[in-house]
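Hi everyone, thanks for making time for this. I'd like to walk you through one model today, so have a look at it first and then we'll go through it together.

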Amino acid sequence: MYDTEVTRQSGPGAILLLLPLGVGALVAVALGRYGTLHQPTGFAVGVAGFSGALPMKAWLTTGAFLLAGVQLFSSLVMWGRIRLDLPWVYGLHRWSGRLAFLLTLPVAFHCLYALGARYDDTRVLVHSLAGCFFYGIFTTKMLALSRRGIPPWAFPILGGLAFTALVALWVTSSLWFFTTAGLTW
């Protein structure tokens, strides 16, 4: 069973966050740099069942967005902010996070490999930066989870940042696509 009380401490445990934060920052910068240096191929990943790359990306991102909502709910239960006795909530949190991450991979591949990072349009700029930030903060959280001594307050912050980045990705891609092209499958 996990401790639901958040210990507000700093000190040596907070220093242990530096390595995960550094690696996460490197991941974010590397993705952004790759996106600007790589010549976009225009090659689209074809996931069966979708009429094209944009609908595929919009729906997979929507799936990840919905699973991020499950992540938010389950984390609130885990941290005692919602008082429910759900012993399976830890498994729900882990598996919804894994599935959300897996759903983002074909989308990220298409964004980086086929389109590249672009900074000439505000929506695309925010989307590109949010995408790089999402993978950087996700890397940070996964590395922090595997280290002993990380202060407990770090995990809700890292999870909240990943959730915020995913919401920004959904708003700048799926919501934009559904409001301009309709609910195309």
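**Around S96, and outward from there**

Let's start at S96: setting aside its neighbours within four places in sequence, S96 is in contact with L67, V70 and Q71. Before I go on, please keep in mind that this is a predicted model. S96 sits in helix α4.

Is S96 buried or exposed? It is buried, at a relative accessible area of 3%, and the cut-off for buried is under 20%. There is also a C-alpha distance to look at here: S96 and A68 are 28 residues apart along the chain, and their C-alpha atoms are separated by 7.4 Å.

Now let's view that contact from the other end. Q71 belongs to helix α3, and Q71 is buried too, with a relative accessible area of 17%. Which residues does Q71 touch, leaving aside its neighbours within four places in sequence? They are H93, R94, S96 and G97.

Let me step back to the whole chain for a moment. The protein has 6 helices and 0 strands, so reading from the N terminus is easy to follow because the elements run α-α-α-α-α-α. The C-alpha atoms fill a box of roughly 50 × 35 × 25 Å along the principal axes. For 185 residues, a compact globule would have a radius of gyration near 16 Å, and the protein has 18 Å, which agrees. Of the contacts with a separation of 6 or more, 80% are between residues 24 or more positions apart.

On to the interior. Buried residues make up 40% of the 185 residues. The largest nonpolar core holds 25 residues, and those touching the most other members are L17, V89, F134, A144, I150 and L166. Which elements give two or more residues to this core? They are α3 (53-78), α4 (89-115), α5 (122-145) and α6 (154-181). The most comes from α6, with 7 residues. In soluble globular proteins, nonpolar side chains tend to be buried together.

If you'd like one core residue to click on, try L166. Not counting residues up to four places away in sequence, L166 touches A64, F65, A68, T104 and F134. You have met A68 already, as the partner in the C-alpha distance from S96.

Next, two residues from helix α5. Y135 is in α5 and is buried, with a relative accessible area of 12%. Its contacts, not counting residues up to four places away in sequence, are V27, L31, F101, T104, L105 and A108. T104 is worth highlighting on your screen, since L166 touches T104 as well. Y135 and A165 are 30 residues apart in sequence and 9.1 Å apart in space, C-alpha to C-alpha.

The other one is H127, also placed in helix α5. H127 is buried, at a relative accessible area of 15%. Beyond residues up to four places away in sequence, H127 touches C111, L169, T172 and S173.

Finally, the outside. The protein exposes about 10500 Å², and carbon and sulfur atoms supply 70% of that. How many positive and negative side chains are there? There are 12 positive and 5 negative, and the centres of the two sets lie 6 Å apart.

That's the tour. Thanks for listening, and I'm happy to go back to any of these places on the screen.

Note on methods. Residues numbered from 1 in each chain as written. Heavy atoms only, no water. Core = buried A, V, L, I, M, F, W, Y, C linked by side-chain atoms within 4.5 Å. Buried < 20%, exposed > 50% of the residue type's maximum accessible area, 1.4 Å probe, protein only. Helix = DSSP H or I, 4+ residues; strand = E, 2+ residues; numbered from the N terminus. Contact = heavy atoms within 4.5 Å. Rg over C-alpha atoms; globule rule 2.2 N^0.38 Å. Areas by Shrake-Rupley, 256 points an atom, 1.4 Å probe, with all protein chains shown as cover. Lys, Arg positive; Asp, Glu negative; His and termini not counted. Charge placed at Lys NZ, Arg CZ, Asp CG, Glu CD.
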